[in-house]
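Visitor: I'm new to this structure. Could you take me through one part of it up close, the small sheet and whatever packs against it?

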Amino acid sequence: MAADPVALAADLIRCPSVTPAEGGALALVERVLKAAGFTVHRVTFADPGTDPVENLFARIGSGSPHLMFAGHTDVVPAGDEAKWTHAPFASEIAGGVLYGRGAVDMKGAIAAKLAAALDYVAANGGKPKGSLSFLLTGDEEGIAVNGTVKLLKWAAERGEKFDHCILGEPTNPQVLGDMVKIGRRGSQNGTLIVTGTQGHVAYPELADNPVRGIVALIAALNAEPLDAGSQHFGPSNLEFTSIDVGNTTVNLIPAEARARFNIRFNDHHSRAALRALIEARARRAAGEHIRWRIDWEPSNADVFLTAPGPFVEMVSGAIREVTGRTPVLSTTGGTSDARFIKDYCPVIEFGLLSQEMHKVDEHVATADLVALTAIYRRILDRYFA
Ligand SMILES: [Zn+2]
């Protein structure tokens, strides 16, 4: 009997796996995969100052090609549960729609992958013609330090080599089949700091107001685009998110002004080159008079692209056959765990609809769960053909 993705999704939603709680979700996945013949490892990672988080790695088959199904079982909190018309962890189905936290982000997609994998394995004598892995973390919605990044390293140290990965994040803006993500922009945070000399507002000649300087530098950095976009990416963007002086006194010129910003950057830039470019522009605008520096935050979100080719085309073809739609190959949106996976193998993302993620009354059409299962199932047939 084929595994039912709707029942699996409902069972997963009933596990209250709000980051960093496991909530029974990985235990459920472990039971399902073990019964199908997978070797399953539960791995807990911890770091000083962080919550320990449980993760799961499961594999069936041997040799190549090796396809990884990646995802996360943790969910964001429900928020004010009184605002939900269907309780967030009750998995109620009404009018062909399954309600609950994680329905689209991304327990629904995990259920679809499980159902597709079980069906594929059963139809192929209990084993793929190659290797199929599940790499699931409980630390994606949180600070993401005890999850995918460490699990990938753990797997690599065990000798696991992956050829391709499909991450099940919600990717479709309107309907299933709309969009595949083949890359993501990089993200870099920084703080621009201008120092002056504190003084009495009535004697500006005795002070040096950093507000004037920071306004000039912000204007200069906003004035010039970083690039005009590239073949697969939109233009890079620098956005100031706050300007802080912290001065509560009316007659005081402050000593320092700070402005925080974030840059989403495309494949025209490496992180180092991007920082150098911003600093060169600030230096030019500052001239001799403005004393400034930029504090760059450490980041692990580099830009990446899985260039269109046979793998992307195979996935697009499977989506087209099931939904009748040719997905847009996109690099939009925020960062995901794909930023870690790309260091091990080419990764693309395809899952459910993105509109509902993190919302009150998060839900998924049961028909979408069935269709997504059919897409993953087709991908397995073609990948291991
Ligand atoms: Zn997610």
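Guide: Let's begin with terms: two strands count as paired if DSSP finds at least two bridges between them. Strands (E, at least two residues) and helices (H or I, at least four) are DSSP runs, numbered from the N terminus. What you see is a predicted model, where local features need pLDDT of at least 70, side-chain atom pairs count only at pLDDT 80 or more, and totals for chains, interfaces and linings use all residues. Residues are numbered from 1 along each chain as its sequence is written, and side-chain values use heavy atoms, with hydrogens and water left out.

Now the sheet. It's an open one, built from three strands in the order 4-5-19, with antiparallel pairing. At the edges sit strand 4 (93-94) and strand 19 (363-365), each pairing on one side only. Strand 5 (residues 97-99) runs antiparallel to strand 19, and three bridges join the two. For a spot to look at, find Leu-98: its bridge partner in strand 19 is Val-364.

Next come the helices. Helix 9 (residues 366-383) packs on this sheet and touches strand 4, strand 5 and strand 19; contact here means heavy atoms within 4.5 Å. The direction of helix 9 makes about 65° with that of strand 19. Such angles run from 0 to 180 degrees between N-to-C directions, using axes that are lines fitted to C-alpha atoms, for helices over the stretch in contact. Then there's helix 1 (residues 5-13), which lies across strand 4 and strand 5. Helix 1 runs at about 15° to strand 5.
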